[in-house]
Amino acid sequence: MKRYKIAAVFMIIHGGFMEIGGCLAIIPALIMGSDKFDIGQYFSFKLPYFQDNLYLMIIMGAMYGVVRVIGAVGLLKNKMWGLSLSIINCVITMTLMMFLLPAGIMDGIFACSSLILILTQYFGDRKVTD
């Protein structure tokens, strides 16, 4: 159970501070106006489509952060849906982290660490074959 709690804390930090917090930090830039503040100079996506739709990507990041925190809370409460949602979040993050660099590196560290902790706790010392 201890590894689940550590993984949940990682996911709360990742979803709460990085995803949701990062999106909330954009609010002053939106208030000042996009002509005074070019957010594209601080974030670089590997795909031009993402770079062209940066504000939509920020909204998606906030939604993704909320889902990550919900999964982490479910994991802390020892719910099976929290375990499933957390695994889904980690796998999707591992798939998509390469499109956002250099922030994707930090996404990968949190997601991979959480997934390893979750899987080692769930499967324990079981062998593949007897």
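Which residues does Met 94 touch, not counting residues up to four places away in sequence? In this predicted model, Met 94 touches Ala 111, Cys 112 and Leu 115 once those sequence neighbours are set aside. Met 94 itself lies in helix α5, which covers residues 80-96, and with a relative accessibility of 31% Met 94 counts as partly exposed. A further distance helps to place this residue: the C-alpha atom of Met 94 is separated by 9.7 Å from that of Ile 105, although the two residues are 11 apart along the chain.

Helix α5 also holds Asn 89, whose surroundings can be described in a similar way. Asn 89 is buried, since its relative accessible area is 3%, and, leaving aside neighbours within four places in sequence, Asn 89 is in contact with Tyr 64, Val 67 and Arg 68.

Cys 112, already named as one of the residues that Met 94 touches, leads to the matter of the cysteines. The structure holds 0 disulfides, and the distances show why for this residue: the closest cysteine sulfur to that of Cys 112 belongs to Cys 90 and lies 8.1 Å away, which is too far for a bond, given that a disulfide needs the two sulfur atoms to be within 2.5 Å. Seen from the other side, the sulfur of Cys 90 likewise has its closest cysteine sulfur in Cys 112, at 8.1 Å. As for their accessibility, Cys 90 is buried, with a relative accessible area of 0%, whereas Cys 112 is partly exposed, at 25%.

The remaining part of the picture concerns two helices, α1 (residues 2-24) and α6 (residues 103-123), whose axes come within 8 Å and cross at roughly 160°. Because angles over 145 degrees count as roughly antiparallel, α1 and α6 are described as roughly antiparallel to each other, and α1 passes α6 in a left-handed crossing. On the side of α1, the residues that make the contact include Tyr 4, Ile 6, Phe 10, Met 11, Ile 13 and Met 18, while those of α6 include Met 106, Phe 110, Ala 111, Leu 117, Ile 118 and Tyr 122. Charged residues take part as well, among them Lys 2, Arg 3 and Glu 19 of α1 and Asp 107 of α6. Sorted by class, this contact of α1 with α6 has 14 nonpolar, 5 polar and 4 charged residues. Ala 111 links the two parts of this account, being among the α6 residues in the contact with α1 and also one of the residues that Met 94 touches.

Definitions and conventions
Residues are numbered from 1 along each chain as its sequence is written. This is a predicted model: local features need pLDDT of at least 70, side-chain atom pairs count only at pLDDT 80 or more; totals for chains, interfaces and linings use all residues. Side-chain values use heavy atoms; hydrogens and water are left out. Axes are lines fitted to C-alpha atoms, for helices over the stretch in contact, and angles run from 0 to 180 degrees between N-to-C directions. Helices (H or I, at least four residues) and strands (E, at least two) are DSSP runs, numbered from the N terminus. Angles under 35 degrees count as roughly parallel, over 145 as roughly antiparallel, 65 to 115 as roughly perpendicular and the rest as oblique. A crossing is left-handed if the near helix is turned anticlockwise from the far one by less than a right angle, and right-handed if clockwise. Contact means heavy atoms within 4.5 Å. Buried means under 20% relative accessible area, exposed over 50%, partly exposed in between (1.4 Å probe, protein chains only).
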